[in-house]
Amino acid sequence: ARYDFDYNAMYTDLSNYTVKTYEDWFLGSYGKKAGRLFTFEGAEDIDWITPTFETQLTEKQPYKDQTNTGTFEEVLLKKQYIETKDCYSLNSYAAYSGGDFRLQIIENELNKNGKKIVMLRDSFACVVSPFLSLNTSELHVIDTRNFIPTERINVYDYIKIVKPDYVIILYNDVTRICDAQRKY
């Protein structure tokens, strides 16, 4: 309501999804470097969340010249990252979205009149972007990390071209989290 973003509550109601929990399955990039003791509890659980309603999406990865069309599960969920329990070699977060891409565009074929969003992200947004795409017509996801300067996207120019209704910046601040944990 604060930003005048109309959305379909069906897409945010967990009762409209099937949830399968994989226990002690995931370590983030810092956890992989520091080991299971990076968090208080060791490896974390990860949920495999799939919609029980109809979906039809098109995902484009312009820098890889790839396009994929199908259901939520066919386009945005990558089962191979969660089939085997391997906290150190596999990135379970990549089960959502497929991992980190310089640019990923998700078009919702069932919501052509929805809002257009540009999201600037890090890996923390892997899980968020697939679900956000259900309430948009287009979601442009830009990751500016770890790319050589000549391959980086000029975000200002990109926003001027795309003309989104909203721009979201979604980054995880692990430094703040570590500082908060040290206090305890």
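**View 1. I117 of β6 and its partners in β8 and β7.** In this predicted model, I117 stands opposite Y166 in β8, and the bridge partner of I117 in β7 is L139. R121, in turn, has L170 of β8 as its bridge partner. Strands and helices are DSSP runs numbered from the N terminus, with at least two residues (E) for a strand and at least four (H or I) for a helix. Residues are numbered from 1 along each chain as its sequence is written, and side-chain values use heavy atoms, with hydrogens and water left out. Local features need pLDDT of at least 70 and side-chain atom pairs count only at pLDDT 80 or more, whereas totals for chains, interfaces and linings use all residues.

**View 2. Strand β6 between β7 and β8.** β6 and β7 pair in the parallel sense over 7 bridges, and 5 bridges join β6 to β8, which also run parallel; two strands are taken to pair if DSSP finds at least two bridges between them. Of the 7 residues of β6, 5 are buried (under 20% relative accessible area, with a 1.4 Å probe and protein chains only), so this strand is largely enclosed by the rest of the structure. From β6 the chain crosses through α3 to β7, and this β-α-β crossover is right-handed, that is, clockwise from the first strand over the helix to the second with the strands pointing away from the viewer.

**View 3. The open sheet and helix α4.** The sheet consists of 6 strands in the order β4-β3-β5-β7-β6-β8, with mixed pairing. Because β4 (66-70) and β8 stand at the edges with a single partner strand each, one side of each is left without a neighbour in the sheet. The twist averages 15° from one strand to the next. Helix α4 (residues 155-162) packs on the sheet and touches β5 (103-108), β6, β7 and β8, and its direction makes about 170° with that of β6, where axes are lines fitted to C-alpha atoms, for helices over the stretch in contact, and angles run from 0 to 180 degrees between N-to-C directions.

**View 4. F72 and the largest nonpolar core.** A nonpolar core is a set of buried Ala, Val, Leu, Ile, Met, Phe, Trp, Tyr and Cys residues joined through side-chain atoms within 4.5 Å. Of the 29 residues in the largest one, Y17, F72, I82, F131, L134 and L139 touch the most other members. The elements giving two or more residues to this core include β1 (17-26), α2 (72-76) and α3 (128-133), and β1 gives the most, with 4 residues. Leaving aside residues up to four places away in sequence, F72 touches I49, P51, T55, L57, L77, P130, F131 and L134, contact meaning heavy atoms within 4.5 Å.

Technical notes
Buried < 20%, exposed > 50% of the residue type's maximum accessible area, 1.4 Å probe, protein only.
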